[in-house]
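Reader: I am new to this one and would like a guided look. Could we take it step by step?

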Amino acid sequence: MASCRQWISSATRQCRSGLAQQQPRPFSTSAPVAAFRSIFADNNDSSNAPTTSNARRSRSGPRPSSSSNSNEALYGLLTEGVERGGPLSAEEQRQVMEQQGLGARAYVKDLRATATTDNYLRQMPRRWRTGDVYAPRDMSPAEMRKWRQGRRPTKDIVDMLGFNPLDNYKNFSLISEFMTTMGRIKHSTDTGLRPVNQRKMAKAIRRAVGMGLHPSVHRHPEILRLSRHGLPTASIPTPSDPSQNRL
Amino acid sequence: MAAKSVSPGGALLRASRMFALPNPIPPPPHDGQAGANFHSETATLAFPTHQVITTLCASRKQGDWGLKRPLPLKSTTKSTNPMLRVKAIDTIEQITDYSSATDHGITLRKFQELNMPLTARRPAGGDHKDNTSTMGLPQKSVFEESLDVTDIHPDKRAEAIDNRWKFTGPWLAGMTQGEFNKWLAREVRPKRPEFREYLKKKIASELHAAAAKEALDKGREQPPVMDPSSVTEDQLLDYLRKLRHDNQALYNMVGQFLDLAPLTPPTVSQTGLPTSKVSQLKFTEMKNPYAERGPPVTHPSAGISYLRSSMYMENHPIYGPQKQHSPVVARIVRPRRQAQAMPAKLGVAGFIVDTPLGDTGSNYRSGSGAIFDRIDPNVEGGAKVWVQPKMASVDSSGRVILRVDDASREATLVAQELLGNAVCLGAKPAEDEMNKRESASDIRQKYRAADTPTLSSARDYGLRGI
């Protein structure tokens with residue numbers, strides 16, 4: 001319990017503050033719906049002015065938003081902003097290097113060193129934390145290989161955070177965590193939930209899918225958009241009513 | 001005394017290593033942190049859980065480690081350092097379960113070579129909770145009289161709250177909501193009647209103090225000590241109502257009753273209440289160094305160093321007293337990745353350490369900072385840098401947090417010379433580019449090397465066709 005303290009403390013504060021005051025949720029579930037609506041608004045009638053910022057950006061973007069194919073429009077919705085915020089492509093990196101006055105030879109050398117580093121780092125999957133103790137054995141390939149594969153969580157996250165999954169059926173980032181990419185409910189061996197919480201979580205997922213709030217075949221489009229931009233997709237689960245905190 | 005009362009065989013057993021081995025302490029808990037599902041069961045733990053035992057050279061050759069049976073020579077005599085940890089002295093299969101303990105043993109030895117005292121965190125001052133300005137100040141040792149207090153009378157625990165590191169109650173800020181709910185239901189709710197008794201005692205003592213003061217003022221004789229059982233339910237109810245409107249007094253009462261670890265008062269945003277309500281709350285400042293990050297699981301020194309100060313000067317036999325302590329070599333365990341916003345991790349004396357903050361070499365993009373970006377397989381033994389250890393402390397989960405700075409160039413050179421890797425004494429002073437004297441042959445060489453004539457001509461001045 002003691003080592004959980006540091007990272008948990010912030011989560012606790014947020015949970016507790018959420019008890020006293022309904023904080024604005026980071027993502028509203030209505031946003032993707034509005035985004036879809038804006039796509040079809042573009043297709044059908046331009047007088048129906050879309051108000052979401054997503055739609056406004058996709059209009060000003062280079063991609064013509066008046067495409068007849070709605071799939072293409074969805075793709076544009078997902079990839080927008082990548083040009084601005086994402087990491088530099090190889091071509092852009094080369095241009096930057098040229099601007100800095102480095103020749104082609106230095107650039108190739110630099111690329112080669114980066115590739116070497118990446119290759120070695122791929123063999124060292126351990127994320128070192130400050131205060132870890134290491135011995136020569138910890139650097140060995142046999143030991144490093146063990147850090148590559150994830151194990152099932154040993155703690156019940158629902159019990160730990162003390163929320164009711166059924167209250168969180170609208171929280172698509174939470175729902176997505178407990179679904180596979182193919183839209184199936186994860187088994188309790190993967191989620192690490194105890195049977196009571198696994199049943200509640202499964203019910204919340206079925207409820208979200210049944211109400212049409214969450215896709216049943218792949219991840220939520222909002223999650224896809226955020227992961228494209230490299231943004232965190234987690235949000236804080238709604239804490240349950242304090243009067244029901246009975247065990 | 002105890003040895004006399006037992007039989008000779010029993011006394012022998014008690015003096016033996018078999019009985020001297022303490023029970024293992026619990027390992028660092030596996031937290032539910034993101035990414036903690038990726039782990040290795042066999043990796044070196046952040047702190048040792050078993051006693052490390054050693055033996056003499058002659059005994060090791062015979063496999064004698066003072067245990068029930070001799071250990072196999074093949075696996076115990078190869079290591080330079082005889083260090084073992086015994087997981088089980090005897091098992092049902094009649095074997096002794098042991099493994100090498102050089103990882104923690106050598107790490108301890110390397111840490112003690114750093115001569116670092118362990119310090120307690122200074123409470124950040126005033127309203128600025130994220131104030132890091134106190135980090136640069138000299139830190140207090142954990143062995144200071146004012147911080148290292150464990151032998152306290154149960155009635156005086158509340159007064160010593162600023163000086164303690166050991167509490168029977170939990171640190172509330174370190175609990176998750178679920179853990180907190182569980183703790184409330186399991187530990188706190190059954191204690192309701194006890195808390196009412198505790199409050200009655202407080203009321204009785206307060207009433208007695210008031211009566212005694214009045215008697216003193218009016219010159220009457222002192223009233224007898226009030227019995228807590230004589231406090232009526234109405235009085236208790238009134239007292240409870242009063243407490244509900246005084247958040248700090250209520251917290252003090254509950255905190256003293258449950259012996260909670262101290263907390264830093266929350267900021268306005270942390271309370272989650274409207275500002276008008278927060279302004280009604282009153283908080284007293286916490287002077288305990290563990291209020292901000294939680295109390296430690298062990299003694300705050302964790303027993304790895306008993307030094308109390310690093311305020312001493314190192315002396316060099318030739319150069320005299322040194323301004324800085326000798327720097328140490330740090331391994332770049334993981335290079336920084338700019339794309340993933342991951343800083344480099346250093347390894348100092350077997351501990352993973354963050355790179356120094358601020359305007360230091362590890363934060364430059366190129367030049368001296370380039371070494372932090374790459375893994376160069378041609379460098380034998382991996383990339384290493386010289387760093388200056390500044391501060392060491394043990395955090396609330398029992399990890400050793402070292403803070404390092406860039407080593408100064410002079411101190412590094414002196415340290416390298418002591419190792420025999422650099423020549424400083426008796427070396428020719430490096431000539432400055434500006435003040436370098438040029439001989440005639442140098443000048444001749446310089447002009448000969450040039451392809452184009454350096455002497456000026458009319459053509460160079462742009463006068464063509466002359």
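Author: Happily! One term helps before we start: a residue is buried under 20% relative accessible area, exposed over 50%, and partly exposed in between. Keep in mind that this is a predicted model.

Reader: With that in hand, is Arg241(B) buried, exposed or partly exposed?

Author: The relative accessible area of Arg241(B) is 47%. The cut-offs are under 20% for buried and over 50% for exposed. Arg241(B) therefore counts as partly exposed.

Reader: Which residue forms a salt bridge with Arg241(B)?

Author: Look along helix H9 of chain B, residues 233–244, where the two partners are three residues apart and so separated by about one helical turn. Their closest N and O atoms are 3.6 Å apart. The partner is partly exposed at 45% relative accessibility. That residue is Asp238(B).

Reader: Which residues are joined into one network by salt bridges that share partners?

Author: This network has members in chain A and in chain B. Salt bridges that share partners join Arg137(A), Glu143(A), Lys146(A), Arg85(B) and Asp103(B).

Reader: Arg85(B) also sits in a strand, I think. Which residue is its bridge partner?

Author: Arg85(B) belongs to strand S2 of chain B, which covers residues 84–88 and is joined to S1(B) by two bridges. These strands are part of an open antiparallel sheet in the order S1-S2-S3, with S1 (52–53) and S3 (97–100) at the edges. The bridge partner of Arg85(B) is Val52(B).

Reader: Which residue of chain A meets the side chain of Arg399(B) in a salt bridge?

Author: Start from the loop between S11 and S12 of chain B, which holds Arg399(B), and cross to the loop between H7 and H8 of chain A. Arg399(B) is buried at 11% relative accessibility, and its partner is buried too, at 7%. The N to O distance is 2.5 Å, and the partner is Asp132(A).

Reader: Which residue forms a salt bridge with Asp138(A)?

Author: Both residues of this pair are buried. They are twelve residues apart, in the loop between H7 and H8 of chain A. With the closest N and O atoms 4.0 Å apart, the partner of Asp138(A) is Arg126(A).

Reader: Trp147(A) caught my eye. Which residues of chain B is it in contact with?

Author: Trp147(A) lies in the loop between helices H8 and H9 of chain A and is buried, with a relative accessible area of 12%. Leaving aside neighbours within four places in sequence, its contacts include Pro125(A) and Arg126(A). On the chain B side, Trp147(A) is in contact with Phe38(B), His39(B), Ser40(B) and Ala43(B).

Reader: Which strand gives the largest share of the largest nonpolar core?

Author: This core has 29 residues, and Leu402(B) is one of those that touch the most other members. Strands S8, S9, S10, S11 and S12 of chain B each give two or more residues to the core. The largest share is four residues, and it comes from S11(B).

Reader: Between which domains does that core lie?

Author: The place follows from the residues that make up the core: two domains of chain B both contribute to it. The core therefore lies between domain 2 (136–278) and domain 3 (314–419).

Notes:
Residues are numbered from 1 along each chain as its sequence is written. Chains are lettered from A and ligands numbered from 1 in the order in which they are written. This is a predicted model: local features need pLDDT of at least 70, side-chain atom pairs count only at pLDDT 80 or more; totals for chains, interfaces and linings use all residues. Side-chain values use heavy atoms; hydrogens and water are left out. Two strands pair if DSSP finds at least two bridges between them. A nonpolar core is a set of buried Ala, Val, Leu, Ile, Met, Phe, Trp, Tyr and Cys residues joined through side-chain atoms within 4.5 Å. Buried means under 20% relative accessible area, exposed over 50%, partly exposed in between (1.4 Å probe, protein chains only). Domain bounds come from an automatic or database domain assignment. Contact means heavy atoms within 4.5 Å.
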